[in-house]
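Here's a friendly walk through a structure you may be meeting for the first time. Have a look at the chain, then read on.

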Amino acid sequence: VELAKLGANMNYLDVGGGLGVDYDGSKTNFHTSKNYNMQNYANDVVAGVKDACDERKIPVPIIISESGRAIASHQSVLVFNVLGTSDVPREVPEPVDENAHLIPRNLYEIYQSITPENYQEVYHDAIQFKEEAVSLFNLGYLGIAERAKTEQLYWACCDKIQAIARQKEYVSDDLEDLEKVMASIYYINLSVFQSVPDSWAINQLFPIMPLNRLDEEPTARGILADITCDSDGKIDQFIDLRDIKPVLELHNLKPGEPYYLALFLGGAYQEIMGNLHNLFGDVNTVHIQLTPSGYHIEHVVKGDTMKEVLSYVQYDSESLVESIRRQTEEALQQNKITLSEAQLLLQNYERSLGQYTYLQS
């Protein structure tokens, strides 16, 4: 308004971005949600501009919005497979001999005594005995076999207590961490730093869920760990109805059966902001066009090969192959490998350089 009064030809007003995305679906003022819709946003912007212009009797401008996140967030889905899991032991323990150490005997008694009436009390007892076992082991008063038996019994108690707690509408704060303690680690064929950097850098929450076995109840709970060597390469915060939960509902893997997960609302920036941490490059990308009759694949963009990623960090693939060839020749002369083994080694090495940087079956 002031610029217009000074004579500027204010035909357009760019109101910028700022339109939020409801990542968690709660429609609240939580940092990963928004408690308004598109119409509320338009009403506030248009009304504010119109009131200011009417008051000073100047023409209203053409309003431009640059709400990139709201426009682009829904346009990408990251699909990845699970390579394997690391699970907490859940087997039923065998009875403890009466001549065994007192701590394993006490833990086995606790395991047998767990009921819906006392599960919270005995949970604290189990923790206490486990901590005592660790102290005695460190001081040399508890053998490694007894320590292992104590660990087995502790996890068995936790498993039994967890099953009871899941049936309760409310559990106390001291039991809320049990789900995280008992969670499995699902190893995903992904680099968080390359494809989901906002999850690591600013704790952005993205909707994540399985793509197959949706007709089965997900009875497992887990966190996601990527295939980099970095301990930060994990996702352990997930969308919940009330707040943030430390585990994701998943299915137990079936031998020989693939298990796929998808991360939604990734938007336009995740892949472009990603880096070559651990030399994992761009993932394969498929451009899909929705049509009235369904969808069709416009084109496929292949992800980086090992050769391409190595070139980004000044490694020449031809020099690498030549180096392996020289070492192979030397090994042949020293009778460390056969001619067929040398040929196979070189063929596999050259072929691998042209392959995807992620694991392939």
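What radius of gyration does the chain have, and what would a compact globule of 361 residues have?

## The whole chain

This is a predicted model, so keep that in mind as you look around. The chain comes out at 29 Å, while a compact globule of 361 residues would sit near 21 Å. If you lay the C-alpha trace along its principal axes, the chain spans about 95 × 75 × 45 Å. It's built from 14 helices and 13 strands.

How much of the chain is tucked away? Buried residues account for 34% of the 361 residues. The exposed surface comes to about 22300 Å², and carbon and sulfur atoms supply 53% of that. Take the contacts between residues at least 6 apart in sequence: 72% of them join residues at least 24 apart. As for charge, you'll find 28 positive and 53 negative side chains, and the centres of the two sets lie 3 Å apart.

## Strands side by side

A good place to start is strand β3, residues 77-86. Strand β3 pairs with strand β11 (residues 260-264) in the antiparallel sense, over five bridges. Look for Phe-80 and you'll see Leu-261 of β11 standing opposite.

Strand β3 also pairs with strand β4 (residues 184-188), again antiparallel, this time over four bridges. Here Val-82 faces Ile-188 in β4. From β4 you can step across to β6: these two strands pair in the parallel sense over four bridges. Ile-185 has Ile-223 of β6 as its bridge partner.

## An enclosed strand

How many of the six residues of strand β6 are buried? Six of the six are, so strand β6 (residues 220-225) is largely enclosed by the rest of the structure. That goes for both of its faces: Ala-220, Gly-222 and Leu-224 point one way, Arg-221, Ile-223 and Ala-225 point the other way, and all are buried.

Besides β4, strand β6 has other pairing partners. With strand β10 (residues 248-250) it pairs in the antiparallel sense over three bridges, and Ala-220 stands opposite Leu-250 there. With strand β7 (residues 234-235) the pairing is antiparallel too, over two bridges. In that pair, Ala-225 has Lys-234 of β7 as its bridge partner.

## Two buried residues up close

Let's zoom in on Arg-221, which is found in strand β6. Is Arg-221 buried or exposed? Its relative accessible area is 18%, and since buried means under 20%, Arg-221 counts as buried. Leaving out residues up to four places away in sequence, Arg-221 touches Arg-166, Glu-179, Ala-183, Ser-184, Val-247, Leu-248 and Glu-249. Pro-61 is another story: it is 160 residues from Arg-221 along the chain, and the C-alpha atoms of the two are separated by 53 Å.

Now hop over to Ala-133, which lies in helix α5 (residues 119-138). Ala-133 has 1% relative accessibility, so it counts as buried. Apart from its neighbours within four places in sequence, Ala-133 is in contact with Ile-103, Leu-142 and Thr-150. If you want a feel for distances, try Thr-357: it is 224 residues from Ala-133 in sequence and 44 Å away in space, C-alpha to C-alpha.

## Two loop residues with positive phi

One bit of background first. Most residues other than glycine have a negative phi.

Lys-57 goes the other way: it isn't a glycine, yet its phi is positive, about 55°. Where is Lys-57 placed? You'll spot it in the loop between α2 (38-56) and β2 (62-64). At 74% relative accessibility, Lys-57 counts as exposed.

Asn-335 is another non-glycine residue with a positive phi, near 60°. This one sits in the loop between α13 (317-333) and α14 (339-353). Asn-335 is exposed, and its relative accessible area is 69%.

Terms used:
Residues numbered from 1 in each chain as written. Predicted model: local features only at pLDDT ≥ 70, side-chain atom pairs only at ≥ 80, totals over all residues. Heavy atoms only, no water. Rg over C-alpha atoms; globule rule 2.2 N^0.38 Å. Buried < 20%, exposed > 50% of the residue type's maximum accessible area, 1.4 Å probe, protein only. Contact = heavy atoms within 4.5 Å. Areas by Shrake-Rupley, 256 points an atom, 1.4 Å probe, with all protein chains shown as cover. Lys, Arg positive; Asp, Glu negative; His and termini not counted. Charge placed at Lys NZ, Arg CZ, Asp CG, Glu CD. Pairing = 2+ DSSP bridges.
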